[in-house]
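The exercises below ask the reader to work through a sheet, the helices that lie across it, and the overall dimensions of the chain. Each task is followed by a solution that goes step by step.

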Amino acid sequence: MAEVIWRAQPKQEAFMARPEWEALYGGAAGGGKSEALVMEALRQVHIPHYKALILRKTFPQLAELIDKSLNYYARAFPAAKYNDSKHTWTFPSGAKIRFGDLQYEQDKVKYQGQSFDFIAFDELTHFTWEEYSYLFSRCRPNGPGTRCYIRATANPGGVGHAWVKERFITAAPPMTTIWQEVEYRGPDGQVKRGRRSRVFVPARVTDNQKLLEHDPGYLLNLAALPQAQRAALLDGNWDSFSGQVFSEWRDDPAGYQSGRGTHVIDPFEVPGSWPIWRGFDWGYARPFSVGWYAVDGDRRLYRVRELYGCAGAPNEGVKWEPSRVAQEIRRIEREDPNLRGRTIHAVADPAIFASAGGESVGDIMARCQVYWDKGDHQRLPGKMQIHHRLAFDRRGVPMLYVFKTCRHFIRTVPALVYAPSDVEDVDTRGEDHIYDELRYVCMANPMAPRPRPRARPWSPLDSGDDGGNGGGHYDFYRRY
Ligand SMILES: Nc1ncnc2c1ncn2[C@@H]1O[C@H](COP(=O)(O)OP(=O)(O)O)[C@@H](O)[C@H]1O
Ligand SMILES: [Mg+2]
């Protein structure tokens, strides 16, 4: 009887049986995700022209996957050869499985002009949307009879957290096919419509009985992690993860009316006496962002409206000319009842006034009667201002609220992560345009930190007593 080299555990089997074009196997660490990915690549190695690509963000991280292949592939196909310098397996049929990295955006050229029937991404949240979607164009058959598809694994957290969460997790319940309509031009020049499918398969560490048999302490290791990391790695929770910059962020529908214990609230009619601020981060190929903020009597900010120039794909700009952005701003300020007829203070990225010979973005917008002051773009003080504003007082009231209609803010700002090269600053490879625009507005309305910051998130069980540290007792550096 043949020796069984590897047998999928039930959840791995569910992942490997999915018919969709894209599938993400995600969630808790140790669920058996990478193992399933490496084994999935073998499925078509009997077809001579089959080619597979297995990607990790950096080359050293690939070692874990290559080790798995050295163990399983070598045993399953004793005649298969591994080329150490090309990181490529060649099977007796001629089929190939290559291991690759994509550390820098320009590494994409390594895969240019190549086709892969199967493309796998291990730890997808380490990749940007551009990197992932670029590889779509590489996923095409090398000959007749192969199935072309994409598979990925991920843990919550990382620079790609936001787009991965939106694409796979919030789009539909787990194990449910998500359909995307796509239009394309056929060889006859006619626009055709088609559908692409994708799915999310959740992983839990308890799915991996093999691991727990080998290492019963592994669960305890995860349980002993700090709270955010534990939620992400043990429970596979996509709302909290380590490396998150604004870990104090709370979006709790139970507080949308009362405004307690949440930063997101239901929209309301803004009193006419509250000043309005408008912030702006310019972008063309990347999204631009305009945010309108109302300021209450305690100088609390409310983001009441947003205009975000995103083309639909994460972090991809709509490519509007500055004059079109200005016209849209004027239209919104004419029509939105919370903005109509108001005096609006406006701050923008000072870079919009840089002119490379021609008219600057700021000048063009001024010609359209949309005026900006130069914002203060010091990165770390701006980031601290946002932390001061997000902190809850003892009543669970922060100094920054976001209307629940500002969905791009809610999608992108909580997902920002720290830069690998600078432990204090935000990773600018993430979708940070709304964050930038918020910084200019916060720097124009600076506040001192709370005298005694809360050691833990506000909870509804906290007493109403604010110990002299609640209800509007803040120092402001600037008065109106
Ligand atoms: N089907 C399986 N059969 C035997 N052992 C497995 C199987 N799946 C996973 N394992 C064991 O569990 C460990 C963790 O799996 P891995 O795929 O690396 O987890 P993840 O990528 O989800 O963190 C592997 O190193 C391996 O020892
Ligand atoms: Mg893994």
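Two strands are taken to pair if DSSP finds at least two bridges between them. The model is a predicted one.

**Exercise 1.** Determine the order in which the seven strands of the open sheet are arranged, and identify which strands stand at its edges.

*Solution.* Following the pairing from one side to the other gives the order β10-β16-β13-β12-β11-β14-β15, and the pairing in this open sheet of seven strands is mixed. Strands β10 (264-265) and β15 (373-374) each have a single partner strand, so one side of each is left without a neighbour in the sheet, and these two stand at the edges.

**Exercise 2.** Describe how β12 and β13 pair, and find the residue that stands opposite serine 289.

*Solution.* Strand β12 covers residues 289-295 and strand β13 covers residues 301-308, and the two pair in the antiparallel sense over seven bridges. Serine 289 stands opposite tyrosine 308 in β13.

**Exercise 3.** Which strands do helices α9 and α13 lie across?

*Solution.* Helix α9 (residues 322-335) lies across β12, β13 and β14 (344-348), and runs at about 135 degrees to β13. Helix α13 (residues 433-444) lies across β11 (276-281), β12, β13 and β14, and runs at about 135 degrees to β11.

**Exercise 4.** Assess how compact the protein is for its length.

*Solution.* The protein contains 13 helices and 18 strands. Its radius of gyration is 25 Å, close to the 23 Å that the globule rule gives for 480 residues, so the protein is as compact as a globular protein of that length. Along its principal axes, the C-alpha trace spans about 80 × 60 × 35 Å, and 40% of the 480 residues count as buried.

Methods:
Residues numbered from 1 in each chain as written. Chains lettered and ligands numbered in written order. Predicted model: local features only at pLDDT ≥ 70, side-chain atom pairs only at ≥ 80, totals over all residues. Helix = DSSP H or I, 4+ residues; strand = E, 2+ residues; numbered from the N terminus. Contact = placed C-beta atoms within 7 Å. Axes fitted to C-alpha atoms, helices over the stretch in contact; angles between N-to-C directions. Rg over C-alpha atoms; globule rule 2.2 N^0.38 Å. Buried ≥ 20, exposed ≤ 12 C-beta atoms within 10 Å, placed from the backbone.
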